[in-house]
Amino acid sequence: MGMKKLKIKLGKIELNSPIILASGIFGYGNEKIDFIDYKKIGAITTKTITYTPWKGNPQLRIYETDCGMINSIGLQNPGIFYFVKNILHKIRKKWPKIFVSITGRNEKEFIDIIKILNREKVDAIELNLSCPNFEKKQRMISQDPDLTYRIIKIVRNETSLPLIAKISPNVNDIKEIAIASEKAGADILSLINTVKGLRIDFKKMKIIDGGLSGPSIKPIGLKCVYDVYRVVKIPIIGIGGITRGIDAIEYFLVGASAVGIGSGLFTNANIIEEIYKFLNQYLGKRNLKNIIGLLNEKESNP
Ligand SMILES: Cc1cc2nc3c(=O)[nH]c(=O)nc-3n(C[C@H](O)[C@H](O)[C@H](O)COP(=O)(O)O)c2cc1C
């Protein structure tokens, strides 16, 4: 019944639900979480892993803002060897599907990580192309279409695992980055990552410079998905500011095939349950068989 309606195919990957946990929110998914019904989640995207362990940034790294939050975690992680040895086998039993998010500081790091993951059972690799210090320059891979193409292409040549390219909204034209990703062989796109933002901590008189997420970025995420949907054929995971079922519907209406939930999980532990229920009811009321039906309905009544 309801359960079946929400099954989707994301490229070749079959998911029980279009609701995906965005990278970084639950860490690696290895902690005990008793408030989530795993059946209602399509996949967990693990926090971005790098080749060697990264320390991340000092200080408190998550700050509330007027309508969301700013984080400056700096991709702290224990490195791929630790992840594969101590974490991956534990979470595999728990989560329906596992998307492993990775990044690298240079081409070799990407290749080395992929070679390790090729030997493991994972459902997809998500390339976090918003890593801020590629080749020691202050730039993100997904701010440059040629670099985006090059990195995805070298990874594509190393693996037959499904590849998700996660791209940044901090660009002039996200369409050209999406097109470069598709051309290079990405199977799926994930957008958006956080938006550059800043807040002032008056108590400490400090500037918090980081990535903005939450409801304040939803219009940016929607616009990006809307634009990208028109220029690529590969499916899109829509992410950014989803806190309610209707937000997810908005993403589907502009072309997303699945949605990623990020900071919403910090403010509402019941968010997955609520969105899942809402989507089921929404499709039911409109007599639609699935999420794709939603998009078709919209296209015949623009
Ligand atoms: C605390 C925190 C940690 C994050 N860590 C990662 C990460 O490791 N890799 C990544 O690709 N995105 C990371 N993100 C970005 C989210 O996956 C998501 O793209 C972004 O927060 C926008 O979605 P939201 O508005 O629902 O939070 C992180 C976000 C937050 C808030």
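This is a conversation about how some descriptions of a predicted model follow from its computed values.

Colleague: What should I know about the model before we start?

Modeller: The model is predicted, so local features need pLDDT of at least 70 and side-chain atom pairs count only at pLDDT 80 or more, while totals for chains, interfaces and linings use all residues. Residues are numbered from 1 along each chain as its sequence is written, and side-chain values use heavy atoms, with hydrogens and water left out.

Colleague: Why is S101 called buried?

Modeller: Buried means under 20% relative accessible area, exposed means over 50%, and partly exposed lies in between, with a 1.4 Å probe and protein chains only. S101 has a relative accessible area of 0%, and therefore it is called buried.

Colleague: And what makes K90 partly exposed?

Modeller: The relative accessible area of K90 is 48%, so this residue of helix α2 falls between the two cut-offs and is called partly exposed.

Colleague: How do you know that S101 and T48 make a polar contact?

Modeller: A polar contact is a pair of N or O atoms within 3.5 Å; within protein, one must be able to donate a hydrogen and the other to accept it, and residues adjacent in sequence count only if both atoms are side-chain atoms. The side chains of S101 and T48 are joined at 2.7 Å, so the pair meets the distance limit.

Colleague: Which residues does S101 contact, apart from its neighbours within four places in sequence?

Modeller: Contact means heavy atoms within 4.5 Å, and the partners of S101, which lies in strand β7, include S23, T45, T48, E126 and N128.

Colleague: How do you know that α2 spans about what is expected of a helix?

Modeller: Helices are DSSP runs of H or I with at least four residues, strands are runs of E with at least two, and both are numbered from the N terminus. The expected span is 1.5 Å times one less than the number of residues, and α2, with 15 residues (80-94), reaches 20 Å from its first C-alpha to its last, close to the expected 21 Å.

Colleague: What is meant by saying that α2 bends at I87?

Modeller: The bend is the angle between axes fitted to the seven residues ending at a residue and the seven starting there, and at I87 that angle is about 50 degrees. I87 is also among the buried residues of α2, together with F83, V84 and I91, and what covers the buried residues of α2 includes β7 (98-102) and α3 (107-117).
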